[in-house]
Amino acid sequence: VIVVPKAVVSELDTSAHSLSAGIAEKLGGMGDVTKLLFVSSGHPHKNHKILAEMMQQFKLKGRRIGLAVTITADRWRELVGPEGQGLIDSGHVVPLGWVDKKEMGPLYRACDLCVMPSLLESLSSAHIEAMYWKKPQIVADLPYAHDLCGDSALYVSPHDSSAWCSQVERLLADAPLREELVARGTLRLVDFPESWEAMAERIRAVLAAVVAERIR
């Protein structure tokens with residue numbers, strides 16, 4: 001069993017690490033607005049398009065809300081269509097590109113809410129990251145998200161951009177609810193292994209048990 005850690009690696013989350021100059025500059029360019037964060041790859045099933053529709057509505061409303069995404073500007077435009085560049089130009093969407101593991105903690109801390117509209121996941125580290133770095137999250141109302149997040153997130157249809165706007169506005173207007181979701185997320189973390197090494201040891205134990213049974 002070989003351990004290849006993903007993003008949540010606690011030993012990398014230290015005060016010695018900060019955002020790179022490039023990412024810090026991009027976030028700073030958003031100004032004094034509420035910052036939403038979507039940490040994901042650029043695969044179509046991640047459903048960036050619904051967030052583009054949501055941000056277009058916030059733009060028309062004049063709401064001071066911005067969205068940071070961890071894909072490149074080119075990939076953002078490919079995924080969401082013609083309106084993608086306009087949202088970048090207006091500062092409502094900031095494509096950060098690749099974010100190094102050691103920058104994940106500072107990135108989450110620099111943002112206010114996490115959004116996760118993906119249509120398909122198995123066990124997304126983005127949900128766990130939001131819990132770990134104590135950020136309230138709004139997620140797709142799909143079985144995979146319920147299994148992982150339980151009562152620690154707000155749920156919304158992954159196909160309804162107006163519903164996403166409503167849930168974001170609801171969460172921004174309700175500080176006690178934000179605190180409650182964060183607290184519930186912290187409690188849910190105890191159901192997961194403390195590290196990827198611990199997870200690997202569990203897998204090794206299962207494999208060893210199977211081998212032992214076969215030998216008999």
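In this predicted model, the mean positions of the 24 positive and 27 negative charges of the chain lie 1 Å apart.

The chain is built from 10 helices and six strands. Its radius of gyration is 18 Å, close to the 17 Å that the globule rule gives for 216 residues, so the chain is as compact as a globular protein of that length. Taken along the principal axes, the box filled by the C-alpha atoms is roughly 70 × 35 × 35 Å. Among contacts with a separation of 6 or more, 70% join residues that stand 24 or more positions apart in the chain.

The following table collects surface and burial values for the chain.

| Quantity | Value |
|---|---|
| Buried share of the 216 residues | 44% |
| Exposed area of the chain | about 10,900 Å² |
| Part of the exposed area supplied by carbon and sulfur atoms | 56% |

At the level of a single residue, Thr-70 can be followed in some detail. Thr-70 sits in the loop that runs between strand S2 (65-69) and helix H3 (73-80). Why does Thr-70 count as buried? Its relative accessible area is 12%, and because the term applies under 20%, Thr-70 falls within the buried class.

Leaving aside residues up to four places away in sequence, Thr-70 touches Phe-38, Val-39, Ser-40, Gly-97, Val-99 and Leu-107. With one of these residues, Ser-40, there is also a polar approach, in that a polar atom of the Thr-70 side chain lies 2.9 Å from the backbone oxygen of Ser-40.

Notes. Residues numbered from 1 in each chain as written. Predicted model: local features only at pLDDT ≥ 70, side-chain atom pairs only at ≥ 80, totals over all residues. Heavy atoms only, no water. Helix = DSSP H or I, 4+ residues; strand = E, 2+ residues; numbered from the N terminus. Rg over C-alpha atoms; globule rule 2.2 N^0.38 Å. Buried < 20%, exposed > 50% of the residue type's maximum accessible area, 1.4 Å probe, protein only. Contact = heavy atoms within 4.5 Å. Areas by Shrake-Rupley, 256 points an atom, 1.4 Å probe, with all protein chains shown as cover. Lys, Arg positive; Asp, Glu negative; His and termini not counted. Charge placed at Lys NZ, Arg CZ, Asp CG, Glu CD. Polar contact = N/O pair within 3.5 Å; in protein donor to acceptor, adjacent residues only side chain to side chain.
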